Each structure stands twice: as structure tokens, then as C-alpha cells.
Amino acid sequence: MTATASHGTGPFIAAIDQGTTSSRCIVFDRDGRIVSVDQKEHEQIFPKPGWVEHNATEIWENVQQVVASAIEKAGITAADVKAIGITNQRETTLLWDKNTGEPVHNAIVWQDTRTTALCKELGRNVGQDRFRRETGLPLASYFAGPKVRWLLDNVEGLRERAERGEILFGTMDSWVIWNLTGGVDGGHHVTDVTNASRTMLMNLHTMEWDEKILESMEVPATVLPEIRSSAEVYGQVKGGVLDGVPVASALGDQQAALFGQTCFAEGEAKSTYGTGTFMLMNTGDKVINSYSGLLTTVGYQIGDKKPVYALEGSIAVTGSLVQWMRDQMGLISTAAEIETLASSVEDNGGAYFVPAFSGLFAPYWRSDARGVIAGLTRYVTKAHIARAVLEATAWQTREITDAMTKDSGVELSALKVDGGMTSNNLLMQTLSDVLDAPVVRPMVAETTCLGAAYAAGLAVGFWPDTDALRANWRRAAEWTPRMDAEIRDREYKNWLKAVERTMGWIDEDES
């Protein structure tokens, strides 16, 4: 029996998720169920402390492989696939030669902190908020614009080539779409509003590249892709197993998850627990400026409908802290083991772990912070540390929900969660305990890919409207709070004390 037999005979939608640590392709049926999946990791390159790079050529090769394998595993052909959607790690920045298709340098990953000094310089006498009104973002090493400027300044002869119109800039969505649709042979150089809103170069109010900011950042407009909606046909796949299939959506991974969780109403929120953790709340057609350290971003835009905005809180290190415990510390041998180890003790034994490995993201935006484990005594075992690792993810989420409530005036009624870490039941219960709210996990945990598939399906009429998508969404599990308010408050206070200890570790001149 082929894989498709149990899922009816199609047609299908495919989605590519070009993530931080791996690329994958998932084929979905009309019920939004997974028919097949293939995934491949790529190398993480660390040239200096705080620097993180990817080889974009390796990533494109992996993307082609996972697409071919997912289609083969499903036992289908291009004729069965109505559209393909793209979702991607955001802010990761690439410049390539439009005539050869060769990257001019490794991609600079969103976690990379090499632009910290440049961001300070760009802040001039205004500081972090210099471009916030236009872009919704604080000046931070996280975003793509300063990374482009760094490459133009530091790769020999690149600025001249860019000004001659030989160089293209893109976040990973643009790189994948350009290659899918032909590359040097007529590839489409586009991005969508969600990815563009993460460059610090797009004006949230006009949805266009902001000339003043381009001038301030010294980024020539010639390198920029065209900004399109998140759900429309950008072009057709040229070559490969999906030859001729429409490429019909692009969404930054967190926005794709918001879409895949069907958070279509104002005040609905989701949190994705992957390498880092990202929480987004739909704020409707309102651009809500944050005064509590959140980002204002584009949630999604379907075709020519009005854009939908969102507030976002990002945490740099969550899943990667579990990886660190496994790979660098050797305290566990598999990621799943952390739950077993942490469950072997009743509490954290007085230890708190703040993983500010690349500074603190929301709501602090402090690149001078570094990780600490606080409250250590002889009593603490590796099991307590494991528990502190899981609690770190929960407390960081709590700080963000508090900020969202403050900015939007909307209380969190429930949190929809997804991503790899949601298979950890202890973490899910801890989350519900510290948020004092129900935590809901959907049937399809791969909401990022699902969101890209949903948007592509809408673009080609595979699904009629967002109501049909809502009907598709199914709940798999729910956790409700079991913690005493008194304990919650005490633990939160201790957590905040530990956070304070991380700040000011890096002196100005060191960074």
C-alpha cells in the first residue's frame, strides 16, 4: 500500500521549511494531515565567539534533496501537488551574484552578534529606537539590515559590485524562491511582507522599502527583492521533481506558525519552541508600538487583503540550551533525556539557569548579557540543573506574556504551542504553571510547515478561506495550572534576580 492510500488520492500541498539547523519538506493532504516528510541538517559554522554562519549552497542542495525525498516517500508526482509554500529562519542574511548564483560569503545567521558595534553606531544620539517608529524594531544585531551593511563593508569589492547591480540580497525565503524558480535562468527575486518586516529596512506603514533608512544604513536599493504578500503565486518551479508547480507562499517561520495555529483573530497567540522560542500575538490591522521590549511585526498578508500585524517576543536560547547540555556539557546523551532527568527531582534545588548565550532578547535587548547559573550550593545535582533548564524556557515565556498584556491590554486566555520542545510534557506542565493559563498543543505539531502549506493552498484555491483552515485545526493535548500562586510568585522573583546577574558582563570595548 502506498503512503497516499491512507490519505485519499490527493491533490496535495507541499511546504519547504528552511530552518536554522535543518531544512525539511512536508507534503500535506486536504485535511492538513502529514503525508510524508524528509529532513536534513546543515553545518553550523562558528568563525569567532558570537559569530554564526551557514553555507547557503549546502542549504540549497539540502532543500532539493528533501523535496525530492518527500515527494518520493509520498509516492506522488508534480501533477498531484497543487502548490508549494516556503517558510524560513528569519533575518539570516545572504548576498549572492545574480549572474553566477554563487553566494559572495556564508549567510550570516540571525543569532550572530558581529553587528553589535555597528548597531550602536547607527543609533547615533537616538539609541536603539532610532528606526522603531518606521520598522517596529529596536536597533539590534538580530536583524538583517545591519548584517547586509556589514557584508558590504567587509567583503572585498562587494559594495562596488552591488552598486553595479550584480548582487542580490535575500533572507532565506528569497534565496530558496530564486533558486526554485530558475536561479540564474530567470529566477524571481522576491520576499514577502513578513520577512521584509525583519530586515529593519521596510516601513510597516507603507509596506515598502524605506529610502531614508536605506540611506542611513548605506544599503543600495539595487540589491533588494520585490516585496509581495505572503500568499500569492510568485512563479513556477523550474526543473527538479516539482517542475511547473506554483510557488505560492512565503512566511517567516514564526509568522507561518501563527498562521498554522490559525490565530486569525485579534488577541490569539502562539509560542513556538525550537532552537529559540518565539511568541506572537495577532493585533489585527493595528500597528501596536511596544513600550515593553517587544517587536512589532507583520503577522501575514493574504493576497491583496489588508496586512495583519502582530506583537512578538523572542527568546534566543531554549531548545539550543538542551542541545548545549547534550553536546557541550555531556550531561545527557539525547534531548529527550532531559525530561527524565528533570523529573527525577521535585524542584530546582534552588538553582536558576539564565541562558543569555548571545545576550538577552525580549523584553531586555541586552547584548552585554551572558549566561549564568545562580543559586548553586553543594546540594544541587545535574538533575536540578536539568530542571532549571526547562524552567528557564517557562520563565522567559512568562516575561514575554507579561509584556504583551502591558502593550496590548489583552490578557492571555490560552497559549497554543508548537515546535520540537512541546513533546516534553514536564515542560508543558511547567509552562501552564508559571503562566497560570492553559497550554494547548495541536494534532499537527509541525505548525510552521502547516502554515506555509495553508497560505500556499489559499493562494491557489486549494482551501476556500481561513474558516476552512480553522475547521482543520485539531487539539491534541491541554495542560492546566497546578501551582500555588504563592510558589509561583516566589519562583518568579528568584528568576528575575538571576536575570539581573547576567547583565553588564561584556564591557563596551570587548564587544
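Trp96 is buried, because its relative accessibility is 0% and buried means under 20% relative accessible area, with exposed over 50% and partly exposed in between (1.4 Å probe, protein chains only). Trp178 is likewise buried, with a relative accessible area of 4%. The structure is a predicted model, in which local features need pLDDT of at least 70, side-chain atom pairs count only at pLDDT 80 or more, and totals for chains, interfaces and linings use all residues. Residues are numbered from 1 along each chain as its sequence is written, and side-chain values use heavy atoms, leaving out hydrogens and water.

A pair of aromatic rings is described by the distance of the centres and the angle of the planes. Here, rings of Phe, Tyr and Trp (its six-membered ring) pair if their centres lie within 6.5 Å; planes under 30 degrees apart count as stacked, over 60 as edge-to-face and the rest as tilted. By this rule the model holds 20 aromatic pairs. Trp96 and Trp178 form a tilted pair, because their planes stand at 55°, with ring centres 5.5 Å apart. This pair links distant parts of the chain, 82 residues apart: Trp96 belongs to strand E7 (residues 94-97) and Trp178 to helix H6 (residues 172-180). Such helices (H or I, at least four residues) and strands (E, at least two) are DSSP runs, numbered from the N terminus.

Phe353 and Phe357 make an edge-to-face pair, at 6.4 Å centre to centre and 65° between the planes. Phe353 is buried at 3% relative accessibility, whereas Phe357 is partly exposed at 32%. One aromatic cluster is formed by Trp110, Tyr142, Phe143, Phe278, Phe361 and Trp365.

Next comes a sheet. Strands of a sheet pair through backbone hydrogen bonds, either parallel or antiparallel. Two strands are taken to pair if DSSP finds at least two bridges between them. An open sheet of 6 strands follows the order E4-E3-E2-E6-E15-E14, with mixed pairing. Its edge strands, E4 (34-41) and E14 (231-236), each pair on one side only. Within the sheet, strand E2 (residues 12-18) and strand E6 (residues 81-88) pair in the parallel sense over 7 bridges, and Asp17 stands opposite Thr87 in E6.

Helix H6, the home of Trp178, packs on this sheet, touching E2, E6, E14 and strand E15 (246-252), and its direction makes about 145° with that of E6. Contact means heavy atoms within 4.5 Å, while axes are lines fitted to C-alpha atoms, for helices over the stretch in contact, and angles run from 0 to 180 degrees between N-to-C directions.
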